[in-house]
Structures are given as structure tokens and as C-alpha cells.
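Subject: Structure handover

Hello,

Here is the structure for your files. The notes on what was found in it follow below.

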Amino acid sequence: MTRTRKEELVAEMTEAFKDAAAIIVCDYKGMTVENLEIVRNLAKEEDTNVKVIKNRLAAIALQNAGCEAVDFKDTNLVIWGDTQVLPCKIADKAATQFADNFKIKTGLIAGEVASMETINAMAKLPTRDELIGMLLNVWNAPVQNFTIGLKALADKKESEA
């Protein structure tokens, strides 16, 4: 890779990391290409980014983006996105599905290093769309119960008549 290409890559990653709400660094050593494609497809479905990036370039991009420093070692796959929950969910799902070869190393939430407990807790939270669905169900319940009661009352009146 030429120096100019590296500089372009660092500039692209810096812009991406500035806008990212969560950045998860994972170890993918020993994974097959097919399994990596499964992880990439999981991320693509949720509009989240996945990239294998050189350690030094990733460290420079994080520094330029104003994030806390992360120690990059060995092989790294970086997952990031606009929400804090989705990258954590994708990394957790991949770590569960490919337990032998895929491990979450560390993560940044809002530019600050997060503990593994935080990342695992974020992975278990519902997404924004799921929360909206839950809220709509709560709002819909009184109306639904009211209509069920009216139908029962109508059926009772009909059977009495």
C-alpha cells in the first residue's frame, strides 16, 4: 500500500470514527472468509460498518478523531456505527456464533473506552426500532382492551335478546 493510499485511508477512517457512536474492536484470528462474510452481512443489514484495518492506521485514525487511545495488537476487525447499541449487538452475535475464532477485545462508546461489561450490557438492550414498537404496543393496549370489552358487551346483549 502506498503512502498516499494510507493517508487517504486514515482520512476516511477519521471521518467515520468522528461520527461513530460506538466502535468495537474484535479479534477474528482463525475465521474463514465465509464466516467473515456472515459478520459483514450482519452489519450491512443494520447499516453498520465493518473493516479489517492495519493497527497503526486505526490508531492514527482514532487519535485524529479525538477518541481515547486503544492498544491495537494482532489481527483486528473494527465494527462501528451511528448508534451505540447496534455495533455491540453485531459483535456480541458474532462472538456467540463463532465463539472459537471471534472475540471482542475492546470498544469505544462516545469516544471513550468502555469496559466489556458495558459492551455486553449494550448488546442486550433493545434497538431504537424495538423500543418504538414496545411503546406503540403500550399505547395500543388500552384501546385494544376497550374494543375487546365492547365486543364482549355486544355479544352478551345479543345473546340476551
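A disulfide here means a pair of cysteine sulfur atoms within 2.5 Å. By that criterion, a search of the whole structure, which is a predicted model, turns up 0 disulfides. Two cysteines illustrate this. For C67, the closest cysteine sulfur belongs to C88 and is 14 Å away, which is too far for a bond. For C88, the closest cysteine sulfur is that of C26, at 9.5 Å, so a bond is ruled out there as well. Both residues are buried: C67 has a relative accessible area of 14%, and C88 has one of 0%.

Nonpolar cores

The largest nonpolar core contains 25 residues. Within this core, I24, L77, I79 and F102 have the most contacts. Two or more residues each come from β1 (22-27), α2 (33-45), β3 (77-81), α4 (85-97), β4 (103-109) and α5 (116-124). The biggest contribution is that of α4, with 5 residues.

L77 is worth a look on its own. Not counting residues up to four places away in sequence, L77 touches I24, V25, C26, Y28, L36, V39, V50, K51, V52 and F102. Two of these, I24 and F102, are also on the list of residues with the most contacts inside the core. Apart from this core lies another, of 19 residues, which includes M13, L62, A65 and W80. As general background, nonpolar side chains in soluble globular proteins tend to be buried together.

Packing of α1 and α3

Helix α1 (residues 3-19) packs against helix α3 (residues 55-64) at an angle of about 45 degrees, and their axes are 8 Å apart. Angles from 35 to 65 degrees fall in the oblique class, so α1 is oblique to α3. The crossing of the two helices is right-handed. On the α1 side the contact is made by K6, L9, V10, M13, T14, F17 and K18, and on the α3 side by L57, A58, I60, A61, L62 and N64.

One of these contact residues is T14, in helix α1. T14 is buried, since its relative accessible area is 7% and the cut-off for buried is under 20%. Leaving aside neighbours within four places in sequence, T14 is in contact with A61, N64 and A65. Of those partners, A65 is also listed among the residues of the 19-residue core.

Backbone angles in two loops

D47 has a positive phi of about 55 degrees although it is not a glycine. D47 sits in the loop between α2 and β2 (49-52) and is exposed, with a relative accessible area of 68%.

A110, also not a glycine, has a positive phi of about 55 degrees. The loop that holds A110 runs between β4 and β5 (112-114). A110 counts as exposed because its relative accessibility is 55% and the cut-off for exposed is over 50%.

Helix α6

R128 belongs to helix α6, which covers residues 128-160. R128 is exposed, with a relative accessible area of 64%. Between the C-alpha atoms of R128 and E158, which are 30 residues apart along the chain, the separation is 44 Å.

Regards

Methods. Residues numbered from 1 in each chain as written. Predicted model: local features only at pLDDT ≥ 70, side-chain atom pairs only at ≥ 80, totals over all residues. Heavy atoms only, no water. Core = buried A, V, L, I, M, F, W, Y, C linked by side-chain atoms within 4.5 Å. Buried < 20%, exposed > 50% of the residue type's maximum accessible area, 1.4 Å probe, protein only. Helix = DSSP H or I, 4+ residues; strand = E, 2+ residues; numbered from the N terminus. Contact = heavy atoms within 4.5 Å. Axes fitted to C-alpha atoms, helices over the stretch in contact; angles between N-to-C directions. Parallel < 35°, antiparallel > 145°, perpendicular 65-115°, else oblique. Left-handed = near helix turned anticlockwise from the far one by under 90°.
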